[in-house]
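Reader: I'm new to this structure and would like a close look at a single part of it. Could you pick a helix and walk me through what surrounds it?

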Amino acid sequence: MPQLQRLAVTAAQICDRKIDLTREQQHYLNRVLRLQGGDRFIAMDGRGHWWLAVLEVRETGLIASITQEIAINRELPVEVTLMAALPKGNGFDEVVRQATELGVASIVPVTSDRTLLKPSDQKVDRWRRIAAEAAEQSERQIVPTISEPVSFDVAVKDCGQKYRFICVARGDNRHLWDCLVGFVPPQFRAATGAPPLQRGEQDGGELSIVIAVGPEGGWTEGEVKRAIEFDFEPVSLGSRILRAVTAPIVALSLVGAAFEKC
């Protein structure tokens, strides 16, 4: 199939194999992408489904007809939640964009002891739009969920993932890579040099993990202590001190390196 433009739609827009395009989507397809009646594009609902669609011109505007569903698998074999403290300025825009490109399933914006930004509802809407655009660009099957910002204490307390890591810049902690390779299937474990799984660890199958990354200046000692109380393991991302907008990308790149070949 030739490379086609992609458009994120909602499930509510689809009825009887027709897509009810919004005015913004019609403008984007017709005026920005220069598509005309009869041209094809890919519609994605952000929940794992892709469809081949054909643009149609009606008196009331443009609609699209679904011709077939496209079977595709572009997602990581692990569900990753990024719990990220909000950096200053517009830095979180890039965190959302690049985390989406790297395969994150959900993002939890966190206000911490050292957080300066107090996000508005408009900021959250913007992050969700950025995630949708990045999912289109990177040919993701899903659009990551962007939660409403919560305090660090609430985030760690309500965390539902079994495997929980908090990135700490200093200290004698295990490297995140050494933790991740313990989860990959046997056929890939030999290539990574990972030791055998311990009794009770999951080998293969669907995993869900959360990685918490701090703000400028890092997590406070109190925050790390509270995370440990809720079964988070402190981990290292290496010997260098990373910026708040760089650390999430490094952490998610390690996830991709460990699981992409699975």
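Author: Let's start with how far each part can be trusted, since this is a predicted model. Confidence in the chain peaks in helix 7, at a mean pLDDT of 97, and bottoms out in helix 6 (residues 186–192), at 46. So helix 7 it is, with a quick tour of other parts afterwards.

Helix 7 covers residues 221–229, and its buried residues are Glu223, Val224 and Ala227. Looking down the axis of helix 7, you'd find these buried residues within an arc of 100°, so they line one face of the helix. There's a simple reason why such spacing works: an α-helix has 3.6 residues a turn, so residues three or four places apart point the same way. What sits over that buried face? The cover includes helix 4 (152–157), strand 11 (163–167) and strand 14 (233–236). Now turn to the other side of helix 7, and you meet Glu221, Lys225 and Glu229, which are exposed. After the helix comes Asp231, with a positive phi near 70°.

Helix 2 (residues 91–101) is worth a stop too, for Thr100. With 0% relative accessibility, Thr100 counts as buried. A polar atom of the Thr100 side chain lies 2.8 Å from the backbone oxygen of Val96. Beyond its neighbours within four places in sequence, Thr100 touches several residues, among them Ala131, Ala134 and Ala135. Those three belong to the stretch of helix 3 (residues 121–137).

That brings us to the sheet. It is open and mixed, with 6 strands in the order 1-4-5-6-3-2. Strand 1 (6–8) and strand 2 (14–15) are at the edges with a single partner strand each, so one side of each has no neighbour in the sheet. Strand 5 (residues 50–58) and strand 6 (residues 61–70) run antiparallel, joined by 9 bridges, and Glu56 stands opposite Ile63 in strand 6. Helix 1 (residues 23–32) lies across strands 1, 4, 5 and 6, at about 170° to strand 1. Helix 3 also packs on this sheet, touching strand 1 and strand 4, and its direction makes about 150° with that of strand 1.

One caution before you zoom in elsewhere. The chain has a mean pLDDT of 86, and 89% of its residues reach 70 or more, but pLDDT stays under 50 over residues 187–205. The model does have 30 contacts beyond four places in sequence for that stretch. Still, where pLDDT is low, the predicted coordinates should not be read in detail.

Methods
Residues numbered from 1 in each chain as written. Predicted model: local features only at pLDDT ≥ 70, side-chain atom pairs only at ≥ 80, totals over all residues. Heavy atoms only, no water. Pairing = 2+ DSSP bridges. Helix = DSSP H or I, 4+ residues; strand = E, 2+ residues; numbered from the N terminus. Contact = heavy atoms within 4.5 Å. Axes fitted to C-alpha atoms, helices over the stretch in contact; angles between N-to-C directions. Buried < 20%, exposed > 50% of the residue type's maximum accessible area, 1.4 Å probe, protein only. Polar contact = N/O pair within 3.5 Å; in protein donor to acceptor, adjacent residues only side chain to side chain. Arc of directions from axis to C-beta. pLDDT = per-residue confidence, 0-100.
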